Amino acid sequence: MATTTKFIVAQSSPSVLSGTSTVDVSETTSLAIPCGGRSVVRIGIPTITAGTVTFGVVPYPGATSRVLKDISLAAITVASGTGDLVVNIPELSGAYSFTIICGAAQSAARSFDIQCVGENPSL
């Protein structure tokens, strides 16, 4: 079984990565999204079953995942909605990897579109 989301290389450039991460039916968390320190520029959020979306972040290889928080230590959240929402979460930029966490188990699989740009600083 896969443990990370696979990216495709977009625009014939290794510095632009695009992919889809899924929160499966009856689940709350996606697989790890390996952005490798790049800037996360877009997250397409579909309609989700009740609750909010938060993010678990691994800041560097080997670190423990933790909830992404702002400078005031409040969890960074996106309210559930009707889909077709595209957000930019600047606090995710530079992370080694992250997960998408839904506040409630999903009644159907939910696909989140992710795009990261920049060179992988860990290479």
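**View 1. Threonine 54, a residue of strand β4.** Here we start with threonine 54, which sits in strand β4 of a predicted model. Is threonine 54 buried or exposed? With a relative accessible area of 16%, threonine 54 falls under the 20% cut-off, so it counts as buried. Leaving aside residues up to four places away in sequence, threonine 54 touches Ile76, Thr77, Thr99, Ile100 and Ile101.

**View 2. Strand β4 meets strand β8.** Stay with β4, which spans residues 52-58, and bring in its partner β8: the two pair in the antiparallel sense. How many bridges hold this pairing in the model? There are six. To get your bearings, find valine 58, which stands opposite serine 97 in β8. Strand β8 itself takes in residues 97-102 and is mostly covered, with five of its six residues buried.

**View 3. The largest nonpolar core.** This core has 23 residues, and the members that touch the most others are Ile43, Phe55, Ile89, Phe98 and Phe112. Which strands each supply at least two residues of this core? They are β3, β4, β8 and β9, the last of these covering 110-117. In soluble globular proteins, nonpolar side chains tend to be buried together.

**View 4. Isoleucine 43 and its neighbours.** Now zoom in on isoleucine 43, one of the core members with the most contacts to other members. If you skip residues up to four places away in sequence, isoleucine 43 touches Phe55, Leu85, Val86, Val87, Ile89, Leu92, Phe98, Asp113 and Ile114. Phe55, Ile89 and Phe98 are worth picking out of that list, as they too are among the core residues touching the most other members.

**View 5. Glycine 36 in a loop.** Where is glycine 36 found? Look in the loop between β2 (16-23) and β3 (39-45). Being in a loop doesn't leave glycine 36 out in the open: its relative accessibility is 8%, so it counts as buried. Check glycine 94 too: 58 residues separate it from glycine 36 in sequence, yet their C-alpha atoms are 7.3 Å apart in space.

**View 6. Stepping back to the whole chain.** The protein has nine strands and zero helices, so reading from the N terminus you simply get β-β-β-β-β-β-β-β-β. Of its 123 residues, 41% are buried. Among contacts between residues at least 6 apart in sequence, 78% join residues at least 24 apart. The accessible surface comes to about 6600 Å², and carbon and sulfur atoms account for 56% of it.

Methods: Residues are numbered from 1 along each chain as its sequence is written. This is a predicted model: local features need pLDDT of at least 70, side-chain atom pairs count only at pLDDT 80 or more; totals for chains, interfaces and linings use all residues. Side-chain values use heavy atoms; hydrogens and water are left out. Helices (H or I, at least four residues) and strands (E, at least two) are DSSP runs, numbered from the N terminus. Buried means under 20% relative accessible area, exposed over 50%, partly exposed in between (1.4 Å probe, protein chains only). Contact means heavy atoms within 4.5 Å. Accessible areas come from the Shrake-Rupley method with a 1.4 Å probe; for residues, only the protein chains shown count as cover. Two strands pair if DSSP finds at least two bridges between them. A nonpolar core is a set of buried Ala, Val, Leu, Ile, Met, Phe, Trp, Tyr and Cys residues joined through side-chain atoms within 4.5 Å.
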